[in-house]
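Student: I am new to this structure and would like to look closely at one part of it. Could you take me through a pair of packed helices with care, and then show me what lies around them?

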Amino acid sequence: MSLFEVIRFALRGLSANKLRSALTMLGILIGVAAVILLVAVGNGSAKAISDRIEALGTNTITVMSTGRGGSSSTSLTKEMADALVDPELAPAVKSVSPVVSASSATMTYEGSDHSVSSFVGTTPAWFAASSTPVGTGSAFTEDDVDQGRRVVVIGQTVAEELFPGIDPIDKQVTVGGALFTIVGVLQEKSSTGQQDSNDTAVAPLTAVQQVLTGYGALSSIIVEAADPDDVDAAQDQVATILDQKLAVADSSSSTPYRIQNASSLLETQTETADTFTTLLGAVAAISLLVGGIGITNIMLVTVTERTREIGIRKALGAPRRVILTQFLIEASLLSVMGGALGVAAALIGSQFEIVGVKPVIVPSSIGYAVGVSIAIGLFFGGLPAARAARLRPIDALRYE
Amino acid sequence: MSRPVLEVRDLKKIYGTGEATVHALRGVSLTVQRGDYAAIMGSSGSGKSTLMNILGALDIPSSGTYHLDGVDVSRLSDAQLALARNRLIGFIFQSFNLIPRTSAVANVELPLAYAGVKPKERRRRAMAALDVVGLADRAGHEPNQLSGGQQQRVAVARALVTEPALLLADEPTGNLDSKSTDDVLQVFDDLSTAGRTIVIITHEDEVGARAKRLIRLVDGSIVSDVRQSPLDRPPVGAAAAAAAMARNHGRAAVYSGGRHSQ
C-alpha cells in the first residue's frame, strides 16, 4: 500500500467533515500567522527605531551636560565647542555644532501663530551633522551666525501651519518679540514616536541666544566624525579635550557631561526591541500550542467517531501501520495546510501597517512556525492515531 | 481430500472472571473441507457470533487451536493476523459494514489496496467481483445510494475479491427483506457452485436449508452436524431448499428429540 494512497484515504477522511477540518485548521492558521506576524511587528518596530537612529546620523556623537542648574563650571559653552575643532588633538572630528534649544517658542505670522515644539539655535554645520537637509530655500551661513542675523529655517509642519498654500521663503515671522526672516524650509523627516520632528525651526546660534535662551550654557554639542569608523576615536578625542577644559581629574569616574553615540544608542534600542520581539513571539507560540491541542481534540473525536470504520478496515486486513499512518497523515495535513494558510495570511497581513508599525517578516520565523506546526501535527496527532491503530478489530466493530 | 480449510479443536472462549464468568464456547471442534458450504445455526446467546469472530481472526480463543488453511492462527503476530484476515478470509457482516461516503467499487478495492495490488489491476478485479454479484452497473454508487440487498452484495464482492480460502458470513441476511435475502443467497449458491468454501452464521432456517451442511450450536457446544447435500456437488439451491425445509419440518420431532448424527 503506497504512501500516496494512504494520503488519499486521509484526504477523504478530512473532506468528510469539511467544517470541522476547516475550524481545526483555523486554530493552526491563527497560531502560525500570529507567530510570524507578531515577530514581524516586533522586528518592524526595531527596524523603524534603528532607521530613525541612523537618520540622526551614525557618524555623529552628541555631547550633553549632566550638570543641572547651570553651574558655570560644569556647563558646556561655545568656547568648548570651538576647542573641539582641533586638527591636532581631534583629527577624527569633522565638524562641531553647538546647539541651544528653546523647548517651546511661539511663531507668529500675520495674526496666526504656531507653537514650535523645538526651536534650535546652532551653526550651519548642524544641517549636515544631524542629517536634516534643507528642502527649499537655503540654510543660513557662518556669516549669519557671526552677525547674529535673525534668519530661520523652518520645518514642514511649521510651514503648513503658518503658510498654508503660500511660499514661506522671505516672509517675516515674529518669535519672542523679534522679527525673523524665513530663508529655507527643511526636507520632510520621518517622525520619532509622538514628537513631530517636522515641527521645528532652526536659526543661527547667536540669534537664538539673543532672543530666546540668553547667553547661558549650550544644550548640547553635536560632533560629526570624519568617517563612521572614526566615531569611537572621535568620542575619545572629544572626551580628552572636554576633560581638560572642565578640569576633570583622571581618577574621577563621573564626568559633568555625557557623550551619546548613535551606534551605542542603536545597540541599546536593538536589545530592547529583541526582548519585545521575543515576548510577542512567546505569546504567539502559546496560541500555536492551543491550535495544536485543538488538533488532538479533533483527532480524538474523529478516531472515536470512526471506530467502526477502523474495525472494518482491520477486518479487511489493514495492518496497524497503515491505520497509524492514515490518522497521522490526517492530523499532519490539518497542521500543514493550516500552517501554509497561516503563512499566506501572515504575508498578506504584513503588507499593512499594524499599530503604526510596518511589519518586516523574519524569514526564519516562517520556517520556525511551519516547522512547529508540522511537529505539532505529528505529536498531537500521534496520540489519537496510536489509539486508533491499537484498537482490536472485534472491539472496534462492536463499537456503537 | 487435501488439508482442511478450517480446523478448530476444543475451542473455548470465556468472558469475565469469578462469578460473572460466561462460557461462550465450551469446547467446539469443527473441520471444514475445501468447497464446503456450512451453515452454523443457533439461537441468540448460543455462542455463534463468538465462534464467528474467532474463525474470522477478529478475536482470540481462551483455549483450543485454530488452523486456517494450515496456518496456526493462535500463534500469529498482530501484523501476521492482519495479513491472514486480508488474504485468507473474506468477511461478510450482518450490518454490511461498508465504508461510508466511499463508492461501491472503492469499497471492493479496499482489501486489495491493503494487499498492495496496483491500482489498475485492483480496479479490474474489483469490477470483476462486482460483476459476480451482479452490481457492475452500480460501481460508482455510494453505500447510502444502494438498497440493503445491494449493499450486502457489495460486501460479498469485497469479501471475495482477494480470492480468500474462506468466506465467512455473519448473519448476512439478518437485515434484509425476503427479496434481497433471495438475491444474496443466490450469490452464495453461485459461489459455492464455483467451488468456494463458505461458512455462514444464521438463525433463519431458510438460509440454513440451502447450505450443504448444517451445524447447530446450543450453549456454546455443537449439538448437531448434518450433511444436507454432497460436498463435491453444487448446493441444492432455492427450490430444493424449499423442499428440504418441508422435510426438516417433518423431522422436527427428531431435532427436538436431541442429537442428530451426520
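Tutor: In this predicted model, a good place to begin is chain A, where helix H10, covering residues 307-315, packs against helix H11, covering residues 320-349, at an angle of about 145°, and the two axes are 10 Å apart. Two packed helices are described by the angle between their axes and the distance between the axes. The crossing in which H10(A) passes H11(A) is right-handed. On the side of H10(A), the contact is made by Glu309(A), Ile310(A), Arg313(A) and Lys314(A), while H11(A) brings Ile323(A), Gln326(A) and Phe327(A) to meet them. Sorted by character, the residues of this contact between H10(A) and H11(A) divide into three that are nonpolar, one that is polar and three that are charged.

From here we can turn to the nonpolar cores. The largest nonpolar core has 75 residues, and those with the most contacts inside it are Leu6(B) and Tyr66(B). The element that gives the most to this core is H11(A), with nine residues, so the helix we have just examined is also part of this wider picture. Leaving aside residues up to four places away in sequence, Tyr66(B) touches Leu6(B), Glu7(B), Val8(B), Ile54(B), Leu55(B), Val71(B), Asp72(B), Val73(B), Ser74(B) and Leu166(B). Another core, of 50 residues, lies apart from the largest one, and among its members are Ala159(A), Leu205(A), Val238(A) and Ile241(A).Elsewhere in chain A, Asp232(A) is found in helix H8, which covers residues 231-246. Asp232(A) counts as exposed because its relative accessibility is 52%, where the cut-off for exposed is over 50%. Asp232(A) and Ile221(A) are eleven residues apart in sequence, and their C-alpha atoms are 16 Å apart in space.

Chain B, finally, offers a sheet to set beside the helices. Six strands of chain B form an open sheet with mixed pairing, in the order E6-E7-E8-E3-E9-E10. Strand E6 (89-92) and strand E10 (221-227) of chain B each have a single partner strand and stand at the edges, so one side of each is left without a neighbour in the sheet. Direction ignored, neighbouring strands of this sheet are turned by 15° against each other on average. Within the sheet, strand E3 (residues 37-41) of chain B and strand E8 (residues 198-202) of chain B pair in the parallel sense over five bridges, and Met41(B) stands opposite Thr202(B) in E8(B).

Notes
Residues numbered from 1 in each chain as written. Chains lettered and ligands numbered in written order. Predicted model: local features only at pLDDT ≥ 70, side-chain atom pairs only at ≥ 80, totals over all residues. Heavy atoms only, no water. Pairing = 2+ DSSP bridges. Helix = DSSP H or I, 4+ residues; strand = E, 2+ residues; numbered from the N terminus. Axes fitted to C-alpha atoms, helices over the stretch in contact; angles between N-to-C directions. Left-handed = near helix turned anticlockwise from the far one by under 90°. Contact = heavy atoms within 4.5 Å. Nonpolar A, V, L, I, M, F, W, Y, C, P; charged D, E, K, R; others polar. Core = buried A, V, L, I, M, F, W, Y, C linked by side-chain atoms within 4.5 Å. Buried < 20%, exposed > 50% of the residue type's maximum accessible area, 1.4 Å probe, protein only.
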